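Visitor: I am new to this structure. Please show it to me, and let me ask how the terms are used.

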Amino acid sequence: MPELPEVEHLRRTLTKRIVGRRFESVAVRRREVITTERDPPGGFSRDQSGAAPSRLFTRELLAGDRVATLKRLGKQLAIIGESGRVVCVHLGMTGQLVVIDHNADIGAHAHVVWTVDNGTIMVFRDARRFGGVWTYLHEQSLRETRWNTLGPDALHVTGDELRSVLHRSSRSIKSALLDQHVVAGVGNIYADEALFDACVRPTRRCAAIRAAEFERIGGCVRATLARAVTRGGSSIRDYVDSEGRAGRGQLDHAVYGRGGLACVRCGEPLESGVVASRTTVWCRGCQR
DNA sequence: AGGATAGCCTGCGGGC
DNA sequence: TGCCCGCAGGCTATCC
């Protein structure tokens, strides 16, 4: 389940693979996952599934373009071509962006396949299709029409930024942290982990949180995500590294997935329930 | 109008 | 062994 750390890890590894390389062509196997600036709200009008993709359409997907740079905001990744065109990828829950040999199996749910000029292909897969691909003619369009509604990136968010937006809000702090308009990049796992680190209960109303606590929450959000980035994204289940060792993901999680188990801080059983429509785990004793 | 909730979508694991 | 059900959850639309 990709959150900010997985997307940042993807950005770094993908940079080595495709920056400076040229996309020779692109194959669209499921048109619905793509939204172009020409598509009206609610669905696409042209280039319907089954129809041969237009030249304009494939160029919007960077066919014939060379990759200049990769940028990230929150959980979204922007692939920017030398032409200035942009492909923005959002992985949602089950999305993947992988670079593999052009002879390799593209796998199930492969919706878009780019052919790279060095014998590899880049594949966008997404079983549940909560993710997608958005194209823009300029980075400015991406920032003005899609990224403009996102809050500050979670790796850099400050307690002041959180407090100024939330200090009058009646919603729970967990619901606020999950809201990408408030802060971009926090998902269910790291929301619980950051709140545990900050000793703040997920159900606390934002309006009842003091400035010093907002500072602590901001600091813990940054630290939790930064630590996960250095480990290549810790929320990947079943992760096995190149030597076959199991990932350290579970060890990194103090509360997520540990409902009923002993709190790592006080030893009491962790509480589990639904907050903001999400499974949530916290410690009654440590978090106030 | 802010905030809570339904629905989208598929894989997987538990129970029978 | 196989089927069914519930759950996982980021985000948008919709309702209250």
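Guide: Start with V186. Neighbours within four places in sequence aside, V186 is in contact with E3, K75, A154, L177, L178, Q180, A191, V221 and L225.

Visitor: What makes these residues contacts of V186?

Guide: Contact means heavy atoms within 4.5 Å. The residues listed for V186, L177 and V221 among them, are in contact with it, so they meet that cut-off. This is a predicted model: local features need pLDDT of at least 70, side-chain atom pairs count only at pLDDT 80 or more, and totals for chains, interfaces and linings use all residues. Side-chain values use heavy atoms, with hydrogens and water left out.

Visitor: Why is a set of residues called a nonpolar core?

Guide: Because its members are buried Ala, Val, Leu, Ile, Met, Phe, Trp, Tyr and Cys residues joined through side-chain atoms within 4.5 Å. Buried means under 20% relative accessible area (1.4 Å probe, protein chains only). The largest such core has 29 residues, and V186 is one of those with the most contacts inside it. Helix α7 (211-230) is among the elements that give it two or more residues. The largest share, seven residues, comes from α7. A second, separate core of 27 residues includes W114.

Visitor: How do you know that H109 makes a polar contact with DNA strand B?

Guide: A polar contact is a pair of N or O atoms within 3.5 Å. An N or O atom in the side chain of H109 is 2.7 Å from a phosphate oxygen of DNA strand B, so the pair qualifies. S169 has such a pair at 2.6 Å, so S169 qualifies too.

Terms used
Residues numbered from 1 in each chain as written. Chains lettered and ligands numbered in written order. Polar contact = N/O pair within 3.5 Å; in protein donor to acceptor, adjacent residues only side chain to side chain. Buried < 20%, exposed > 50% of the residue type's maximum accessible area, 1.4 Å probe, protein only. Helix = DSSP H or I, 4+ residues; strand = E, 2+ residues; numbered from the N terminus.
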